Amino acid sequence: MGLLDILSVGSSGLRTRRVRAALSVLGITIGVAALVGILGLSQSGSADLMKDLDALGTNLLTVQAGDGFRSQQASLSSDAAAMINRITPVYEVSATTKIAGGVFLNDLIQDGRTKGITIVAADLNLLRTQRGSLKSGKFLDEMTSEYPFVVLGSVAAERLGIRNTSGNHKIWLKEKWFMVIGILEPLPLAADLDRSAIIGYPAAEKFLEIDEPPEIIYVRAYPEHIRDVRSIMAATVSPENPEEVQVGRASDVLEARIAASDAFLNLFIGLGAVALLVGTIGIANVMVIAVIERRNEIGLRRALGATKFHIASQFLTESLLLSTLGGITGVIMGMLVTAGYAVFREWSIVIPVYAISGGILCSILIGGIAGFYPAMRAANVSPTEALRTR
Amino acid sequence: MVNIENRSSEYALELQEINKVYEGPPIVKALSDVSLTVNHGELLGIIGSSGSGKTTLLHIMGTLSTPSSGSISIDGTNVVGMSDKQLSGVRSRKIGFVFQEFFLLPGFSALENVANGLLYSGIPSEERMERAFEMLRTVGLGERGDHLPNELSGGEQQRVAVARALVHKPSFVLADEPTGNLDSENTASLMALLTTLNEGGTTVILITHDLEVAKSAQRRITLRDGRVDSDLSR
């Protein structure tokens, strides 16, 4: 018997019992679809996060005052930024200071509801340090930082209902009028700034009469030295009380999100594996029934000259065809789900090759496992027993 | 006169002192010292009532079951002691089976069912189909090759089964109650077909409990309680 004959004989049982074949394949289809879909979605999602990470860089440190030994909040010294700048691998330092006060659309709203927008005084290189971009207008510069001009974070602009800078909007900021000259795109590495109204340090001093030390300093250092820079940062900023300085890596938040999605990935892979196990049992079950139902066929084939090996290979082929069919439909379903969801989330579609080949290989393996016992059973039916009619 | 056809023996089938005991419990002696020979070109009827050992004898003649003792030669080759695989080879080349229930495979056309008779003989697919088509024509169903078994009448289905049993040109055909599921008209027609095939040189061993059917055979062996009771030639 050639390969074509084996396939033809092996598929005969499926052709005559199509509904049963389709139903018994479902378990494998769902299991493989779950695995391919989960792997595809997590890869697409991770790819999206990784793309963000690549663009934003993992070399941004945040330096801020932590809790001191004394009950009052510690603060950074006003020359902290200058001290950090002296660390050789550091190439960008940008300080920010929160200023207490409300931000309103106009001076008529005085109900104390601030919409959660904070006022932040910032250095001019803040946007570059964050690798952020502007949705509208421009960022503060040497000139605008001296005057009552403000740049809004993405969330702050949305809350105030300001979509662009073309209308020369003025906002009521700590009881002074400030003109909106720029609106930022979201800053994934510093979500706090999204809810801020950002002004220049000179303007804060001149118009709000505020001169406070920096609260959070954003530091870019060369990636290969980031670990070293981080280890000496606290001592550099506060040689007397280094324990009062908190140093963090902004990208850790994004990496934590990737790790979290990996944890979910394992959970769903577990669920997919359970579906595959159930599918395996389903196919084994259907094959055992097929052997019992088709005893006469086994007897006839033995009478026509089939060896035990021929009979075993027929039923094993049938099982393999069933499971592989389930695997292929599962892979297609998983890919469609991934593609659909990725398009919906505006991710790039990533379907790992190992998910596709793994899904198919898995299903072939399942067919072999599920079909082995029924095939052996079929091969060992005595021909005279098999020809007996009930 | 020596048979100059491509046959290695005078006898298509030769049984010598065949015993078959089913090791129960209970222990049943199904066949006792059965010896018989079947000549090439014979139409032999084996008659017996239920429990006489007909089916056991058929299974042993067809190498589907092995005797407890005794020897069987098919075309002069002793098959006792052969492995399961070797016996399968013997069946695929030397023996054709026709069963009472036809046993046509439901998903296959009449032509494919006939070609299945050659499936395990190592013949390429194309030639199997050609020979199957020839054989279907011989049994008078040349036009119905595309039909599925459930689209054929009982008589037609049994003709397809006869074609399947003959397509590999066996040394003999074992027909087990071939008319058992047919009405009288189809019975007559099938017996006419078997007689014609036999006249064309096919060796046919007909196992039946129906004396009317057995009348077509030139030679009749009666089994009783697992023994050959009589062996009569016309």
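Reader: How many residue pairs are in polar contact between chain A and chain B?

Author: In this predicted model, six residue pairs, both members at pLDDT 80 or more, are in polar contact between chain A and chain B. The two chains also share two salt bridges. R302(A) forms a salt bridge with D84(B), where the closest N and O atoms are 2.8 Å apart.

Reader: Which element gives the most to the side of chain A that touches chain B?

Author: That element is α10(A), with six residues. The elements giving two or more residues to this side are α1 (3-16), α10 (295-303), α11 (308-344) and α13 (383-387) of chain A. By class, the side holds eight nonpolar, nine polar and six charged residues.

Reader: How should the size of such a contact be expressed?

Author: The size of an interface is often given as the accessible area lost when the parts come together. Here chain A and chain B bury about 2,100 Å² between them, with 67% of it on carbon and sulfur atoms. The contact takes 23 residues from chain A and 22 residues from chain B.

Reader: Which residues have the most contacts inside the largest nonpolar core?

Author: In soluble globular proteins, nonpolar side chains tend to be buried together. The largest nonpolar core has 63 residues, and those with the most contacts inside it include F315(A), L13(B), I46(B) and L174(B). Helix α2 (residues 18-56) of chain A gives the most to this core, with six residues. Apart from this core lies another, of 32 residues, V162(B) and L194(B) among them.

Reader: What does I46(B) touch?

Author: Leaving aside residues up to four places away in sequence, I46(B) touches residues including L57(B), M61(B), I205(B) and L223(B).

Conventions: Residues numbered from 1 in each chain as written. Chains lettered and ligands numbered in written order. Predicted model: local features only at pLDDT ≥ 70, side-chain atom pairs only at ≥ 80, totals over all residues. Heavy atoms only, no water. Core = buried A, V, L, I, M, F, W, Y, C linked by side-chain atoms within 4.5 Å. Buried < 20%, exposed > 50% of the residue type's maximum accessible area, 1.4 Å probe, protein only. Helix = DSSP H or I, 4+ residues; strand = E, 2+ residues; numbered from the N terminus. Contact = heavy atoms within 4.5 Å. Buried area = accessible area lost by both parts, 1.4 Å probe. Salt bridge = Lys/Arg side-chain N within 4 Å of Asp/Glu carboxyl O. Polar contact = N/O pair within 3.5 Å; in protein donor to acceptor, adjacent residues only side chain to side chain. Nonpolar A, V, L, I, M, F, W, Y, C, P; charged D, E, K, R; others polar.
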